[in-house]
Amino acid sequence: MNRQELIAQIKEKQSFLCVGLDPDLNKIPQACRDYIRSKVSDDNSYISSTLLSFCAIIADKTAPYCVAYKPNLAFFEAYGIPGLQAYDALIKHLNKEHPHHLIIADAKRGDIGNTSAMYARSFFEGDTQVDALTVAPYMGEDSVTPFLGYEGKWVILLALTSNKGSHDFQLMEDAQGERLFEKVLKTSKQWGNDENMMYVVGATQGQMFEDIRKVVPNHFLLVPGVGAQGGSLEEVCKYGMIPGDVGLLVNSSRGIIYASNGADFADVAAEKAKELQEQMAKIMQNNF
């Protein structure tokens, strides 16, 4: 999906919502788990079927209100082969049933050049390819550029994250007062452009979005941290939105997918996604 197609979807749906798919067997509603257990006998099939069914149902129910999905690889890899089988089947489902949604693999890859090239192949080629991949930038240019050679694909670099520990390194200043995240932005924007590179900026960073936009005024930002982590949608939009193009993908995971632990979990997830979409539509109408 290219930039123009993404912007078109945002304007059509009046939404810049990304739904994070982080399946945890300890949190998936009992009704979903019981249903799968009644259908399969062995544990491996139960794990893969439960992870897949939960994510696919959530995706199908929230599709009218979002423009992107972000499966988090850790929540699949933790279950070994059954988890990877579920991830594989989920990507195929999303590509088939929701071809106009941006699919982001949240894997935070990044290694020496030849290794990154293989990672790029695994996510951007074949029948389980995605549209975008989160990448760690701290090994430098040769660890990132292999991901940038695919037309219509996106690299989403970590810039200023939403977790408490982000302050340990990302806000460190050099002798000239430049913070590390600013150096990452200034350097990396020379590797790609606003057609193939986005940045992760946590919603909890608030007014720091203003500083981000001074360096990358036109790049899309993937923004986790709204909802369960306490980030403010209004503040993110006030300081981070690009006039006309929006330039934001705001992610919500736990606040949507685990909004209910009952049999109505998918309907409640859709309601929560709709609530966010309606807030986004109002913000867009007030700003454009």
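Here is a quick look at the aromatic rings and the cysteines in this structure. Keep in mind that the model is predicted.

Let's start with the rings. The structure holds five aromatic pairs. One of them joins Phe-54 and Tyr-258, whose rings are stacked, with 5.6 Å from centre to centre and 10° between the planes. Phe-54 belongs to helix H3 (residues 43-62), while Tyr-258 is in the loop between helix H12 (254-257) and helix H13 (265-287), so this pair ties together parts that are 204 residues apart in sequence. Both Phe-54 and Tyr-258 are buried. They also have company: Phe-265 joins Phe-54 and Tyr-258 in one aromatic cluster.

Another ring has a charge for a neighbour. The charged end of Arg-37 sits over the ring of Tyr-46, at 3.9 Å from the ring's centre.

Now for the cysteines. How many disulfides are there? The count comes to zero. A disulfide is a covalent bond between the sulfur atoms of two cysteines. To be counted here, the two sulfur atoms have to be within 2.5 Å. For Cys-32, the nearest cysteine sulfur is that of Cys-55, 9.3 Å away, and Cys-32 is in no disulfide. For Cys-237, the closest cysteine sulfur is in Cys-18, at 14 Å, which is too far for a bond.

Here are those two cysteines side by side:

| Cysteine | Closest cysteine sulfur | Distance | Relative accessible area |
|---|---|---|---|
| Cys-32 | Cys-55 | 9.3 Å | 7%, buried |
| Cys-237 | Cys-18 | 14 Å | 7%, buried |

So where does Cys-237 lie, buried or exposed? Cys-237 is buried, with a relative accessible area of 7%.

How values were computed
Residues numbered from 1 in each chain as written. Predicted model: local features only at pLDDT ≥ 70, side-chain atom pairs only at ≥ 80, totals over all residues. Heavy atoms only, no water. Phe/Tyr/Trp six-rings, centres within 6.5 Å; stacked < 30°, edge-to-face > 60°. Helix = DSSP H or I, 4+ residues; strand = E, 2+ residues; numbered from the N terminus. Buried < 20%, exposed > 50% of the residue type's maximum accessible area, 1.4 Å probe, protein only. Lys NZ or Arg CZ within 6 Å of the ring centre and 35° of its normal.
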